[in-house]
Amino acid sequence: MTGELGNKIDGLWEIFWNGGITNPLDVIEQMTYLMFIKDLDDTDNLRAKEAAMLGLPFQSIFSEDVDIGGRVVDGSQLKWSTFHDFPADKMYSIVQEWVFPFIKNLHGDKNSAYSKYMDDAIFKINTPLMLSKIVDAMDEIYSMMEELHQTDIRGDVYEYLLSKIAQSGVNGQFRTPRHIIRMMVELMDPNPKDSICDPACGTSGFLVASGDYLRERYKKEVLLDKQNRNHFMNDMFHGYDMDRTMLRIGAMNMMTHGVENPSIEYRDSLSDQNPDKELYSLILANPPFKGNLDADTISTDLQKMCKTKKTELLFIALFVRMLKIGGRCACIVPDGVLFGSSNAHKAIRKEIVENQRLEAVISMPSGVFKPYAGVSTGILIFTKTNHGGTDNVWFYDMTADGFSLDDKRSAIKDNDIPDIISRFKNLEQEKNRKRTDKSFMVSKKEIEENDYDLSINKYKEVEYKAVEYPPTSEIMADIREIEKQIAMEMDELERLLNL
């Protein structure tokens with residue numbers, strides 16, 4: 001997010017700031033409402049085209065008169081493409097009096113995630129001029145993103161704005177990079193029958209990416225099969241978080257991406273407030289690493305599996321508990337989880353190696369989460385069996401993800417992600433790779449003998465190449481020759497200065 005696009009978003013931020021909205025999360029929330037309103041228009045048009053291609057019936061949400069507070073309004077007036085050309089005063093009254101109440105009551109089911117988190121939504125933009133400036137700026141940003149062939153404007157804006165919040169890393173409100181999310185989704189290859197959960201969902205990035213993947217990969221199965229479609233729209237996606245702003249954004253994010261009724265709930269996943277056991281066939285997550293929790297708030301079930309207060313260990317125990325037998329998990333963990341020497345660290349690693357089936361450990365470079373954090377992380381992939389099954393564990397040493405590993409995160413050519421996906425899909429061919437390669441297999445027996453250490457450096461072999469140097473006498477002769485040359489040049493310089 002640099003150059004002209006970054007400047008445009010800085011300008012948009014300044015409009016909010018000058019208008020009196022200075023809390024960064026308020027800015028993000030208000031911006032999200034407006035992006036949602038624009039995306040509703042764009043998505044409605046896209047769904048109409050999809051339905052026409054597949055020969056399915058389609059009812060536009062804007063096609064009929066809409067009842068707003070007892071007043072009947074022409075639905076077409078609520079479209080971004082209609083009101084964004086209106087004079088500022090007219091635009092403001094339409095958005096404030098019609099469009100905002102319309103999106104707050106858009107979902108008929110008052111128990112839906114969307115309705116629950118829109119009930120207390122407040123439109124905070126103060127003046128017609130401020131709204132007009134914001135709409136114009138957003139139109140320019142959308143246009144620029146379209147030229148750059150980048151469609152996830154919401155993600156880019158969130159990421160850029162959250163980078164401005166000094167406490168974002170402490171609050172855990174930074175996003176998992178979209179290309180890392182997409183890689184994890186592709187590795188797990190969700191199918192139309194899956195029940196997918198992220199117990200620390202934030203803005204629902206993993207759930208959105210899973211939905212997009214299913215639409216791309218299994219379009220006919222998801223959209224044409226009545227049972228699958230109902231499952232996709234109502235029962236497939238589940239997310240929990242403890243930040244209502246993030247839940248509201250996540251619910252809107254899912255709805256904009258074509259999931260009508262996701263289960264997005266306010267819940268402390270690690271407490272007894274979360275009763276979920278053996279419910280999900282796929283968990284994708286990047287849980288927060290906040291350090292230690294108060295022991296009284298931690299679920300007793302999780303404490304039995306892993307006696308600790310550390311969130312990163314408790315979440316792994318939680319994933320095991322929440323998965324069905326045969327369910328799969330891909331989760332991001334800090335490096336300490338892979339090699340920590342405490343009893344709790346060893347216990348949770350032993351659990352997934354001995355009692356479940358650990359399949360892969362992908363080591364990621366420390367710059368992946370910059371500019372928010374420089375922590376080194378890895379991805380664990382395992383299947384719940386409750387009776388073991390770990391044979392050989394696949395390790396991959398990712399050194400590049402397509403972006404520079406500094407705070408700028410500029411696009412570069414080096415990218416291990418396509419190779420990771422390709423090799424993981426063909427693990428049979430990995431068995432004979434040497435330990436000096438990017439990836440290799442390690443037997444369960446060897447892992448057990450190393451106290452269940454899952455750090456790739458424990459098993460990777462470094463290939464040292466012998467380097468031959470000239471004899472010392474030859475090097476010294478070269479040095480004397482260089483000294484002689486320098487002395488001659490100094491003499492010549494001194495002569496020139498004396499002229």
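Here are two short exercises on a predicted model, one on cysteines and one on a helix pair.

**Exercise 1. Work out how many disulfides the structure has, and check where Cys201 and Cys329 stand.**

Step 1: Set the cut-off. A disulfide needs a pair of cysteine sulfur atoms within 2.5 Å.

Step 2: Run the search over the whole structure. It turns up 0 disulfides.

Step 3: Check Cys201. Its nearest cysteine sulfur belongs to Cys197 and sits 8.3 Å away, and Cys201 is in no disulfide.

Step 4: Do the same for Cys329. Here the nearest cysteine sulfur is that of Cys331, at 4.0 Å, and Cys329 is in no disulfide either.

Step 5: Buried or exposed? Take Cys201 and Cys329 in turn. Buried means under 20% relative accessible area. Cys201 comes in at 5% relative accessibility, so it counts as buried. Cys329 has 0%, so it is buried too.

**Exercise 2. Describe how helices H9 and H18 pack, and say what kinds of residues make the contact.**

Step 1: Get the geometry. H9 spans residues 178-188 and H18 spans residues 417-424; their axes lie 10 Å apart at an angle of about 10°.

Step 2: Classify the angle. Anything under 35 degrees counts as roughly parallel, so H9 is roughly parallel to H18.

Step 3: Add the handedness. H9 and H18 cross in a right-handed sense.

Step 4: List the contact residues. H9 brings His179, Ile180, Met183, Glu186 and Leu187, while H18 brings Ile417, Ile420, Ile421 and Phe424.

Step 5: Sort them by type. The H9–H18 contact has 7 nonpolar residues, 1 polar and 1 charged.

Key
Residues are numbered from 1 along each chain as its sequence is written. This is a predicted model: local features need pLDDT of at least 70, side-chain atom pairs count only at pLDDT 80 or more; totals for chains, interfaces and linings use all residues. Side-chain values use heavy atoms; hydrogens and water are left out. Buried means under 20% relative accessible area, exposed over 50%, partly exposed in between (1.4 Å probe, protein chains only). Axes are lines fitted to C-alpha atoms, for helices over the stretch in contact, and angles run from 0 to 180 degrees between N-to-C directions. Helices (H or I, at least four residues) and strands (E, at least two) are DSSP runs, numbered from the N terminus. Angles under 35 degrees count as roughly parallel, over 145 as roughly antiparallel, 65 to 115 as roughly perpendicular and the rest as oblique. A crossing is left-handed if the near helix is turned anticlockwise from the far one by less than a right angle, and right-handed if clockwise. Contact means heavy atoms within 4.5 Å. Ala, Val, Leu, Ile, Met, Phe, Trp, Tyr, Cys and Pro count as nonpolar, Asp, Glu, Lys and Arg as charged, and the others, Gly among them, as polar.
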